[in-house]
Amino acid sequence: MLNDPILLNDWHVVAYAPDLQEGRPMAVRLLEEELVLWRSGDKVHAWRDLCLHRGTRLSLGKVEQNCLVCPYHGWTYDEEGQCIRFPAHPQQKPPATAHARVYQAREHYNWIWVTLGQPTQDIPPFPHLGERDVPQNPLWSLFLSSEWTTCHREFSGRNAFSVCASGAIG
Ligand code: FES
């Protein structure tokens, strides 16, 4: 993972929300961290894409009953990232250490946002946009992307976003 506290503690766009379908985990990469995105109900999850058992990518797994199931030996992780079942040892309670690395994830402006750290600020507001207004468009992705957001925040402040969102790009 990239060791940059400013980037780690900020929100980043990682996927177009409609592309993340219920029951179909998705692999993405953020700041050199491999992530699995998945949905359960109206929640979006972003975890390190790694099963604690033998290191299989959880993004190759499946979603069952609001749990993410590893494709290799079926370790089953609940929404909090805790493994709750070892299929090979169904009587054994998984220890607390059998816990996926979980990050904060949100669905906002039709995109999936993730932070790998502890942001002190929320996702930047775009007052001219409705929740579903932002189309799948590379320019919008760029506009909302982490580098742009962070740089712009550093040099221009947050109010600049509303100017751009009012129609400068789209
Ligand atoms: S590698 Fe995931 S259950 Fe074995």
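Two strands count as paired here if DSSP finds at least two bridges between them. With that in hand, welcome to a quick tour of this predicted model. Strand 9 (residues 102–108) and strand 10 clear that bar, pairing in the antiparallel sense over five bridges. They belong to an open sheet of six strands, and a second open sheet has four strands.

**The six-stranded sheet**

- Reading across this open sheet, the strand order is 1-10-9-4-3-2, and the pairing is antiparallel.
- Strand 1 (12–16) and strand 2 (26–30) stand at the edges; each has a single partner strand, so one side of each is left without a neighbour in the sheet.
- From one strand to the next, the twist averages 35°.
- As general background, strands of a sheet pair through backbone hydrogen bonds, in either a parallel or an antiparallel arrangement.

**Strand 10 and its two partners**

- How many residues of strand 10 are buried? Five of its five residues are, so "mostly covered" is a fair label for strand 10 (residues 111–115), given that a residue is buried if 20 or more other C-beta atoms lie within 10 Å of its own.
- Trp111, Trp113 and Thr115 point one way from the strand, while Ile112 and Val114 point the other way, and all are buried.
- On one flank, strand 1 and strand 10 pair in the antiparallel sense over four bridges, and Val13 has Trp113 as its bridge partner in strand 10.
- Coming from strand 9, Arg106 stands opposite that Trp113 in strand 10.
- The hairpin of strand 9 and strand 10 has two residues between the strands, and Tyr109 there takes a positive phi near 55°.

**The strand 2 edge**

- Which residue of strand 3 is the bridge partner of Ala27? Look for Val36 when you have the structure open.
- Strand 2 and strand 3 (residues 33–40) pair in the antiparallel sense, with five bridges between them.

**The four-stranded sheet**

- This open sheet runs in the order 5-6-7-8, again with antiparallel pairing.
- Its edge strands are strand 5 (62–64) and strand 8 (83–85), each of which pairs on one side only.
- Strand 5 and strand 6 (residues 67–69) pair in the antiparallel sense over three bridges.
- A handy pair to find on screen is Val63 with its bridge partner in strand 6, Leu68.

Note on methods: Residues are numbered from 1 along each chain as its sequence is written. This is a predicted model: local features need pLDDT of at least 70, side-chain atom pairs count only at pLDDT 80 or more; totals for chains, interfaces and linings use all residues. Axes are lines fitted to C-alpha atoms, for helices over the stretch in contact, and angles run from 0 to 180 degrees between N-to-C directions. A residue is buried if 20 or more other C-beta atoms lie within 10 Å of its own, exposed if 12 or fewer, and partly exposed in between; C-beta atoms are placed from the backbone.
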